[in-house]
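Let's take a walk through this structure together, beginning at the ligand and working outwards to the whole chain. Keep the 3D view open as you read.

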Amino acid sequence: MSGDQVITVDGPAASGKGTIASGLGRLYGLPVLDSGLLYRAVGVLLQRAGGGLADAAAAAAVARGLRAVALDDEAFRTRGAGEAASQVAVHPEVRQVLLALQRDFAAQPGGAVLDGRDMGTVICPDAGAKLYVTASPEVRAERRWRQLTGQGESVGLDEVLADIRRRDARDSGRAAAPMAPAPDAVLLDTSEMTIDQAADAARRIVEAARAGQTP
Ligand code: C5P
């Protein structure tokens with residue numbers, strides 16, 4: 001598979017990577033994969049079926065059925081779903097099942113934008129452009145808190161900050177495909193940026209990568 005036309009956008013929760021990935025998708029007319037949604041769906045559907053998040057075999061079985069599931073369920077966007085996602089995401093069996101699905105998405109003719117934690121390291125190491133989007137935990141917590149309260153969830157900013165720190169530690173500390181920048185990814189810290197500034201910086205990174213330069 002040639003990843004020339006693939007753009008990977010990795011980074012921690014609420015770093016701005018989802019907004020950046022969808023903006024790049026619109027700009028270049030590419031389909032966007034929100035891979036976090038796959039892990040969220042596995043976590044939520046496993047819990048709905050009465051399974052425990054620590055049960056790797058049961059989680060992998062749910063992941064195998066995912067191609068037939070509509071991912072536009074609001075239940076996958078909640079705070080609890082994010083936490084469940086990061087617990088099932090530690091299982092190598094689950095990651096292995098989702099690998100094929102994500103690689104198929106990346107291999108579409110014309111390319112794709114892939115948003116996640118291990119897109120540039122594991123799913124598409126030969127992507128033509130790789131971004132690693134970060135922001136301080138405090139800034140990310142505030143963004144996520146606004147999003148969750150806007151969706152009607154009742155939660156304090158301090159609780160969201162604690163969630164973010166716990167999830168960062170679990171995602172970067174796990175043995176299977178830990179969250180990490182690919183060696184050839186360009187880091188983009190959005191802490192002090194507006195959405196438009198971040199989108200513009202991301203576009204410049206992609207254009208420089210495609211032109212074979214560093215920005
Ligand atoms: O990006 P989002 O916050 O929706 O991801 C939810 C969780 O899914 C992450 O905290 C992480 O544990 C897991 N995930 C992952 N690999 C990806 C995308 C998400 O492990 N490529």
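Which side chain has an N or O atom 3.0 Å from a nitrogen atom of the ligand? Asp-118 is the residue to look for: an N or O atom of the Asp-118 side chain lies at that distance from the ligand nitrogen. Please bear in mind as you look that this is a predicted model.

Now turn to the oxygen atoms of the ligand. An N or O atom in the side chain of Arg-95 is 2.8 Å from a ligand oxygen. Arg-117 makes a similar appearance, with a polar side-chain atom 2.9 Å from an oxygen atom of the ligand. As for how well covered the ligand is, it would expose 450 Å² if taken alone, and the protein buries 97% of that.

With those contacts in view, zoom out a little to the surroundings. The ligand sits in the largest pocket, and 16 residues surround the ligand. The closest of these are Arg-40, Arg-95, Arg-167, Asp-171 and Arg-174, so named here that you can pick them out one by one. Sorted by character, the shell holds eight charged residues, along with four polar and four nonpolar ones.

Where in the fold do these shell residues come from? Helices H2 (35–48), H4 (79–88) and H8 (157–173) each supply at least two of them. Of the contributors, H2 gives the most, with four residues in the shell around the ligand.

Finally, step back to the chain as a whole. Its secondary structure comes to nine helices and five strands. If you trace the elements from the N terminus, you will meet them in the order β-α-β-α-α-α-α-β-α-β-α-α-β-α. Along the principal axes, the C-alpha atoms fill a box of roughly 50 × 40 × 30 Å. The radius of gyration of the chain is 17 Å, which agrees with a compact globule, because a globule of 215 residues would have a value near 17 Å.

Note on methods. Residues are numbered from 1 along each chain as its sequence is written. This is a predicted model: local features need pLDDT of at least 70, side-chain atom pairs count only at pLDDT 80 or more; totals for chains, interfaces and linings use all residues. Side-chain values use heavy atoms; hydrogens and water are left out. A residue is near a molecule or strand if one of its heavy atoms lies within 4 Å of it. A polar contact is a pair of N or O atoms within 3.5 Å; within protein, one must be able to donate a hydrogen and the other to accept it, and residues adjacent in sequence count only if both atoms are side-chain atoms. Accessible areas come from the Shrake-Rupley method with a 1.4 Å probe; for residues, only the protein chains shown count as cover. On a 1 Å grid over the protein atoms alone, a cavity is a set of points where a 1.4 Å probe fits but cannot get out, and a pocket is an open set with protein on both sides within 12 Å along at least five of seven lines; lining residues have an atom within 4 Å of a point. A molecule sits in a cavity or pocket if more than half of its atoms lie within 2 Å of its grid points. Helices (H or I, at least four residues) and strands (E, at least two) are DSSP runs, numbered from the N terminus. Ala, Val, Leu, Ile, Met, Phe, Trp, Tyr, Cys and Pro count as nonpolar, Asp, Glu, Lys and Arg as charged, and the others, Gly among them, as polar. The radius of gyration is taken over C-alpha atoms; the globule rule is 2.2 Å times the number of residues to the power 0.38.
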